[in-house]
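Trainee: I should be grateful for a close look at one part of this structure, namely the second largest cavity. Please describe its lining, and then add what can be said of other interior positions.

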Amino acid sequence: MLRNFIMTAWRNLIKNKAFSLINILGLSTGLCCFLLILLFVQDELHFDRFNLKADRIYRVYSSIRFGGTDLNFPLSPDPMGNVLKNDYPQVEQFTRVYTSNGPKQIKKGNLYITEHRVAHVDSTFFEVFTFPLLSGITENALNEPNTVVITESMAKKYFGTTEAVGRLIETTEKGKTLYKVTAVIRDMPENGHFHFDFLFSMKNVDYQWGQFLSHNFYTYILLKPGTDYKAFNKNFVQYIDKYALPQARQFMQINSMEDFRKAGNKLEYALMPLTKIHLYSSGQHELEPGGNIQYVYIFSAVAVFILLIACINFMNLTTARSAKRAREVGIRKVLGTRRKDLVLQFLSESTLMVIISLAIALVACFILIPGFNSLAGKSIKSSLVFSPLILPWIIVLPLVVGLLAGLYPAFFLSAFRPIDVLKGKWKMGTKRGGSLRSLLVVFQFSTSIILILGTLVIYRQLHFIQTKNLGFNKDQVIIINNAGVLKENLNTYKTELLKLPGVLNGTVSNYLPTNSSRSDQSFSKSSTMSSTNGFNMQTWYVDEEYLNTMGMQVLKGRDFFKSGVSDSNAIIINQTCAGILGYADPVGKQIYNNNENGKSTTAFTIIGVIKDFNYESLKQPVGPLSLFLSRYPGTVSFRVNPAGMKGFLERSESLWKQLDPSMPFSYQFMDEAFADMYRSEQRVGKIAFLFATLAIVIASMGLFGLATFMAEQRMKEIGIRKVLGASVQRIMGLMTREFLRLVCISFIIAAPVAWWAMNSWLNDFAYRVQIAWWMFVVSALLSLFIALFTVSIQAFRAAIMNPVKSLKTE
């Protein structure tokens, strides 16, 4: 019996090639989209799970508010890990990661290579994290200073072999520092929240240790089995009172943390599970840009909706074709075929079609995964399609989708009364069936409109980010990276390049309004800091050409003097800082910086106020910021006219090699560096556009199927109308009117849902666009156009058909 069902199903597929092609194409497209999104979601949800102790590893997250300034980041004080281990038996081990030293120049042959994926870590790093060892021993590998653990790719890059244990690596730290390789590990997996190629000993970090109020380390805690991390978080209150509060009293007036909180401030710590860092940690100073759990939810919903749209297509196309199979069903019933057998027959056909579609979808997945990886910034392997988490879906999908897509057509077709069908009295499109088909079309286009509107909002926000007045001019600014390696030649380098035609300004500073160095310190309005007069502020060290080069505007006061002699204790603040201070005119006033050891207080005179500029992502509001005059040997930036750009780039590289040929030369444009902060949003926009387009295409196939169904059902009516003189235009209008009504209903349903979803997404941005009325209009018009275009094709074919063909049996 089963063999008979399959053979009959196959013959019907071959017999109706056009119908089968459209149906299989729609289903395979929907299934392919579903599988790709499923792979994306699986990858996002499984970050850091390769660690054997992942369920017991946590990272300390800090939340600080001081003087109205909020700081939320995964950095913590250097003694915290050791204190927690010694004071609380629930802590099995800890390790720290320190990256504030920035990239390192590592020697290969006679040249130095700049390596960015570097960090200093504790010797306990490999007791907490799991990274497979290739050679050497990770136990105590970083106990001694001047030791380093490197990855497999770096061992091959610098030594040509993974057998690199005992070899030396030379860096430019303190002129020249040699590190001994003590172990080689495999490259860190892509689905981790950090990726380092060099792990240097923490004992080489030059730091003022024991600071309970300086947050510069990523601290990871390994809890003992069975420990509730949420319950453990309560211990941080005791930790703050015991360690942070006494140190705070050394440089500010504070009686208790309760008084500190009553003044509107806070100091809080909490543990975040390792497996949640990638999707849930959205603060400042992340080791790498993370994901967003909202995107996982959104794309999961999109995957389900696209699959449902594909199933609805199947249902509409099958019912549209049912008129041609009515006599077949009638004859089968007359010959004694039971309704159960008819249902099984039609379900067999739908399941066979889903299996064929799934096979095509799998092939398409393997072909498209590399392109999808490039689009989504992923490194998903094709083999994951058959992973234990995806394989069950592949097995279940033909059954579930075949049942879901074929159940209604099967019962619909098997319910025909044979006597009515064979006498020609059977009429399709009962009120109940027509209502269901209309409901399915409304669902399809509601989903499509939501995706269209969502894509519009995302691209509008990205355009806003690119064109917003940021308070500085990022265009035509070239950043020469790691210029500090030129040392005493840095000033010569800058001076020579400023002589080139088209070079307007140049500045030396490691602090730029893109993803660069950050430093915050505590200041107060009076020489004695308290809970009520103190506040945190970004402190940037710049030279006297910084404001001109960056295109920043001085609102009050002046810029730094060129000589710099009389401005050693001068400070320039932004508008936000001026607002915190509360002075009508802050120029000439003093603010104070108290060292955390409480031994000294430094007064700085405000000489100018600059217009606020966005130095963080637009997801963050502008905080207080100050500029100090200091020739910090970091990057050097130049503003260059477009006409002189080519000559400048050539000369900047040749001069660099002339001054220090052993050091690597690299540059980037500031607008590109700024755009990198929104790489995640740009990828989401592209993915949303892709799947919105595919959803619309699939929905249009369903609409085409329903138009075919209605054209077949009303064939005689159209013939009579043509005989009575109806024009082609009038007949087309008659057939498209119902579909336009369905699209309008879809828009009414979709508009509030889309507004709510996209407004929630925009709430992540401190600076955002408003969802304008024209976005809804564009979505509605685009949906109407797609529906009209799709339906009009079939309507036109029906309208121009010779009425004799449809009426010859009357």
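Mentor: A cavity is here a set of grid points where a 1.4 Å probe fits but cannot get out. The model is a predicted one. With that meaning in mind, a search of the whole structure finds two cavities of 30 Å³ or more. The second largest cavity, the one you ask about, has a volume of about 30 Å³.

Its lining is formed by Tyr98, Thr99, Ser100, Asn101, Gly102, Lys104, Val118, Ala119 and His120. Strand S6 (residues 118–121) supplies three residues, the largest share of the lining. By character, the lining residues of this second largest cavity divide into five polar, three nonpolar and one charged.

Turning to other interior positions, Ile696 belongs to helix H21 (residues 679–713). Ile696 has a relative accessible area of 14% and is therefore buried, the limit for that term being under 20%. Leaving aside residues up to four places away in sequence, Ile696 touches Ser448, Ile452 and Ile786. Ile786 lies 90 residues from Ile696 in sequence, yet the two C-alpha atoms are 8.2 Å apart in space.

The cysteines complete the picture. Cys32 is buried, at a relative accessible area of 6%, and Cys577 is buried as well, at 0%. The closest cysteine sulfur to that of Cys32 is in Cys365, 4.2 Å away, which is too far for a bond, because a disulfide requires sulfur atoms within 2.5 Å. Across the whole structure, the search finds zero disulfides.

Key: Residues are numbered from 1 along each chain as its sequence is written. This is a predicted model: local features need pLDDT of at least 70, side-chain atom pairs count only at pLDDT 80 or more; totals for chains, interfaces and linings use all residues. Side-chain values use heavy atoms; hydrogens and water are left out. On a 1 Å grid over the protein atoms alone, a cavity is a set of points where a 1.4 Å probe fits but cannot get out, and a pocket is an open set with protein on both sides within 12 Å along at least five of seven lines; lining residues have an atom within 4 Å of a point. Grid points are joined across faces, edges and corners, and a volume is the space filled by probe spheres set on the points. Helices (H or I, at least four residues) and strands (E, at least two) are DSSP runs, numbered from the N terminus. Ala, Val, Leu, Ile, Met, Phe, Trp, Tyr, Cys and Pro count as nonpolar, Asp, Glu, Lys and Arg as charged, and the others, Gly among them, as polar. Buried means under 20% relative accessible area, exposed over 50%, partly exposed in between (1.4 Å probe, protein chains only). Contact means heavy atoms within 4.5 Å.
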